[in-house]
Amino acid sequence: DIAVDCMAYGMGCCCLQVTLQARDVDESRHLYDQLASLTPIMLALTSATPILHGRLADTDARWAIISASVDDRTPAERGEVDAAAVPHDPRMAGGGTRRMAKSRY
């Protein structure tokens, strides 16, 4: 198990953001549709980071790494530990023990 415990291992590595300005909604939709067909290729290119912390990672793409770097769920909310073994925190939704399928981010 490779611990990627900060945002530098996810959102900060090899990220690309493109901002485009279109004349109207129709042109925006056309641009979106054209770029959407490129996303599988871009995702495949992210597999160019096979080594993290000096260990070989068994990943096809870095999406799991990027999403895990901003996942703020407790271990009980992720389903990694039994919720009964974790103390109830009244400040959190579900007491911080209810299983959550997706991150809050």
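**Entry 1. Terms and basis**

I take buried to mean under 20% relative accessible area, exposed over 50%, and partly exposed in between, with a 1.4 Å probe and protein chains only. By that rule I looked up arginine 73, and at 13% relative accessibility it counts as buried. I note that the model is predicted, that local features need pLDDT of at least 70 and side-chain atom pairs pLDDT 80 or more, and that totals for chains, interfaces and linings use all residues. Residues are numbered from 1 along each chain as its sequence is written, and side-chain values use heavy atoms, with hydrogens and water left out.

**Entry 2. Overall layout**

I read secondary structure as DSSP runs numbered from the N terminus, helices being H or I runs of at least four residues and strands E runs of at least two. The protein has four helices and two strands, and along the sequence I find the pattern α-α-β-β-α-α. Of the 105 residues, 19% are buried.

For contacts I used heavy atoms within 4.5 Å. Among contacts between residues at least 6 apart in sequence, 48% join residues at least 24 apart. I took accessible areas from the Shrake-Rupley method with a 1.4 Å probe, where for residues only the protein chains shown count as cover. The accessible surface comes to about 8300 Å², and 57% of it belongs to carbon and sulfur atoms.

**Entry 3. Helix H1**

I checked the length of helix H1, residues 25-36, against an expected span of 1.5 Å times one less than its number of residues. For its 12 residues the expected value is 16 Å, and the end C-alpha atoms are 16 Å apart, which agrees.

At the start of H1, I looked for a polar contact, that is, a pair of N or O atoms within 3.5 Å; within protein, one must be able to donate a hydrogen and the other to accept it, and residues adjacent in sequence count only if both atoms are side-chain atoms. A side-chain oxygen of aspartate 24 reaches to within 3.3 Å of the backbone nitrogen of aspartate 26.

**Entry 4. Nonpolar patch and helix H2**

I searched for patches made of residues with over 30% relative accessible area and no salt bridge, joining like charges within 9 Å and nonpolar side chains (Val, Leu, Ile, Met, Phe, Trp, Tyr) within 5 Å. Val18, Leu20, Leu35, Leu38, Ile41, Met42 and Leu45 form a nonpolar patch on the surface, with about 670 Å² of accessible area together. Helix H2 gives the most to this patch, with three residues. Methionine 42 lies in helix H2 and counts as partly exposed at 45% relative accessibility.

**Entry 5. Proline 50**

I located proline 50 in the loop between helix H2 (39-45) and strand E1 (51-52). Its relative accessible area is 36%, so I class proline 50 as partly exposed. Leaving out residues up to four places away in sequence, proline 50 touches Arg55, Leu56 and Ala57.

**Entry 6. The loop between H3 and H4**

Which side chain does arginine 73 meet in a polar contact of 2.7 Å? I found that of aspartate 71. Aspartate 71 is in the loop between helix H3 (63-69) and helix H4 (75-78), and arginine 73 is found in that loop too. Beyond four places in sequence, aspartate 71 touches Arg78 and Ser103. On the same basis, the contacts of arginine 73 are Arg78, Arg99, Met100, Ala101, Lys102, Ser103 and Arg104.

**Entry 7. Proline 75**

Proline 75 lies in helix H4 and counts as partly exposed at 38% relative accessibility. Apart from neighbours within four places in sequence, I find proline 75 in contact with Glu80 and Val81. Proline 75 and threonine 97 are 22 residues apart in sequence, and their C-alpha atoms are 8.3 Å apart in space.

**Entry 8. Salt bridges**

I counted a salt bridge where a side-chain nitrogen of Lys or Arg is within 4 Å of a carboxyl oxygen of Asp or Glu. The structure holds five, and I looked up some of them.

- Arginine 23 pairs with glutamate 27, the closest N and O atoms being 3.4 Å apart; arginine 23 is exposed at 75%, whereas glutamate 27 is partly exposed at 25%.
- Arginine 78 pairs with glutamate 80 at 3.0 Å between the closest N and O atoms; arginine 78 is partly exposed at 25% and glutamate 80 exposed at 55%.
- Aspartate 89 and arginine 91 meet at 3.1 Å, N to O; aspartate 89 is buried at 18%, whereas arginine 91 is exposed at 74%.
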